[in-house]
Structure formats: structure tokens, C-alpha cells
Amino acid sequence: MRSVYIEASALFKAYKEERGSEVVDYLYRLMESKKITGLTSQLSVPEILRGIVRMKNKGEIPDEEAQKVIASILLDIDKRVLSDELRLLPVDEGLIAPVNRCIRFHNFYVIDAIQFVTACAAKPAAFVHADEHFTSAVVKEQLKSLDVRDEASLAELKLLLEGEVRD
Amino acid sequence: MAISIKINPKLLSELNELVDGKRYHSRDEAVEEAIRFLIAIKGKYYTRPEIKKVFDTYITATSHELLEAIKEEEEL
């Protein structure tokens with residue numbers, strides 16, 4: 001089965017409606033119908049949770065609501081992991097050296113380097129993100145990367161994934 | 001202190017399905033997760049469209065801005 005790596009910036013859009021959400025919703029439908037497997041780093045979920053807690057700390061969202069949303073996201077992801085729609089990839093010890101190289105030579109943030117190197121090791125059919133840090137040449141050389149905010153990304157994914165599923 | 005919870009069989013089955021499929025380092029960790037699931041299920045956790053509505057209500061920043069702020073925190 002084909003797999004698609006959903007980086008945290010794209011994964012967040014499965015739970016927050018904004019530009020690019022329709023692309024992630026499309027991927028979720030393919031995952032639910034077992035046409036593809038979704039992949040992401042184990043650190044993607046804490047990244048999203050930190051974003052919510054940060055808003056709670058700023059008083060934008062009440063604590064009770066933030067906790068309920070967090071519990072709901074965790075449960076949704078747990079269910080997808082158990083049904084094998086989504087795999088949370090660990091930060092393997094063997095990935096640390098390439099992570100260090102990404103930071104040293106390509107100026108990646110730590111979390112971006114972990115996401116990129118984890119994705120490369122998993123060899124997905126596509127790497128979807130919503131972050132200009134992943135538009136660099138080093139990413140494009142290694143992965144079929146698509147920014148879900150780009151209008152063309154949905155059509156490109158449909159061609160890439162459904163074309164191959166029907167074969 | 002002992003705690004007893006009345007739980008319907010369908011919910012118990014759903015709870016066990018969630019917990020059984022995972023590996024835990026300790027019994028406490030499994031119990032903690034089971035309680036979290038139970039609270040989420042009993043508390044009528046939000047579906048994905050409902051989560052989106054909550055974010056629409058409270059959060060004006062984009063997910064990109066939220067994640068960028070976290071990365072900047074990392075830099076400090």
C-alpha cells in the first residue's frame with residue numbers, strides 16, 4: 001500500500017479548517033478506505049498539542065475547552081493508529097546523525113530536521129506539509145513534497161495516489 | 001480506596017479495543033490511558049468537524065503561525 005507522510009503543519013489542518021484542509025481531508029478519506037497509509041512523526045502530535053496549550057496560556061481558549069479538544073484529537077489519532085490508517089514513526093537512533101547534518105548544513109529547525117529525516121527513512125509516495133521551510137532544494141531532491149496550501153496540490157495528489165491505486 | 005464504574009458492554013468493548021491494541025511499559029500507564037479514553041468517550045469527545053468548529057470559535061491564529069511560534073520558542 002502507498003504511504004503519504006503528513007508533516008505536523010499539514011496534520012494540524014485535519015483538525016483546524018483553513019487553506020489546505022481539503023487536501024488533508026482527502027488524504028484522511030483515502031486512509032479510512034485503506035487506499036493509503038498515513039505516516040507522521042511521533043512528535044507531530046506534541047507539536048499540535050503545544051500549539052493549543054500556547055493559545056490556552058494566552059487566554060484565547062478556555063482551559064476546559066482546550067483539554068477537551070486535546071483529548072478528542074488524541075482519541076482520533078489513537079483510533080486511526082489502531083486501525084492501521086496512520087502510523088506514528090519513532091525518532092530512531094539511526095536518524096540522529098542525518099538530523100544533525102540537516103541542522104548543520106541546511107539550517108533546519110530541530111523539529112523540521114526530525115520530520116524530514118523521518119520521512120526520508122520511510123520512503124513515502126509523497127511528503128505533504130504547509131511550511132515554507134520544506135520548499136528547499138534538499139527536500140525536493142529527496143522527497144515528492146507538496147505544500148497542501150498550493151491550489152494544485154490536491155489534483156497532483158489525486159493523480160499520484162488514485163492513478164496508482166487503480167492500476 | 002476502591003473505585004467502581006458501571007459501564008455498558010458496548011462501551012467496555014470499545015475501550016478494551018483501544019487499550020488492547022497498544023503496548024504499555026506499566027500497568028499504571030495502561031490504566032491512565034484507559035481512564036483518558038473513558039473520559040473522552042463518556043464526555044462525548046468532539047468529532048473532527050466539531051474540533052474545527054471549536055478552533056473557529058476561539059483561535060484566530062493560523063496553524064502555521066502557531067507552529068512557527070513554537071519553533072521560535074525553541075530558538076530562545
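In strand 4 of chain A, Ala126(A) is the bridge partner of Val4(A), in what is a predicted model. This pairing belongs to the association of strand 1 (residues 2-6) of chain A with strand 4 of chain A, which run parallel and are joined by 3 bridges. Strand 4 of chain A is likewise joined by 3 bridges to strand 5 (residues 145-147) of chain A, again in a parallel arrangement, and here the bridge partner of His129(A) is Asp147(A). In a regular strand, side chains alternate between the two faces of the sheet. In strand 4 (residues 126-129) of chain A both faces are covered, with Ala126(A) and Val128(A) buried on one side and Phe127(A) and His129(A) buried on the other.

Two packed helices are described by the angle between their axes and by the distance between those axes. Within chain A, helix 5 (residues 96-106) packs against helix 6 at an angle of about 130°, the axes lying 9 Å apart. Since angles of more than 115 but not over 145 degrees count as oblique, helix 5 of chain A and helix 6 of chain A are therefore oblique to each other, and their crossing is right-handed. Helix 5 of chain A contributes Pro98(A), Val99(A), Cys102(A) and Ile103(A) to the contact, while helix 6 of chain A contributes Val110(A), Ala113(A), Ile114(A), Phe116(A) and Val117(A). By class, this contact comprises 9 nonpolar residues, with no polar and no charged ones.

Between the chains, 31 residues of chain A are in contact with 26 residues of chain B. On the side of chain A that touches chain B, at least two residues are supplied by each of helix 1 (8-11), helix 3 (44-57), helix 4 and helix 6 (110-122) of chain A, and the largest share, 10 residues, comes from helix 4 of chain A. The residues on this side of chain A divide into 15 nonpolar, 3 polar and 13 charged.

Helix 4 (residues 63-82) of chain A packs with helix 3 (residues 48-58) of chain B at an angle of about 150°, with 10 Å between their axes. As angles over 145 degrees count as roughly antiparallel, these two helices are therefore roughly antiparallel to each other, and helix 4 of chain A passes helix 3 of chain B in a left-handed crossing. The contact is formed by Glu65(A), Val69(A), Ser72(A), Ile73(A) and Asp76(A) of helix 4 of chain A together with Arg48(B), Ile51(B), Val54(B) and Tyr58(B) of helix 3 of chain B, and the residues of this contact divide into 5 nonpolar, 1 polar and 3 charged.

Definitions and conventions. Residues numbered from 1 in each chain as written. Chains lettered and ligands numbered in written order. Predicted model: local features only at pLDDT ≥ 70, side-chain atom pairs only at ≥ 80, totals over all residues. Axes fitted to C-alpha atoms, helices over the stretch in contact; angles between N-to-C directions. Helix = DSSP H or I, 4+ residues; strand = E, 2+ residues; numbered from the N terminus. Parallel < 35°, antiparallel > 145°, perpendicular 65-115°, else oblique. Left-handed = near helix turned anticlockwise from the far one by under 90°. Contact = placed C-beta atoms within 7 Å. Nonpolar A, V, L, I, M, F, W, Y, C, P; charged D, E, K, R; others polar. Buried ≥ 20, exposed ≤ 12 C-beta atoms within 10 Å, placed from the backbone. Pairing = 2+ DSSP bridges.
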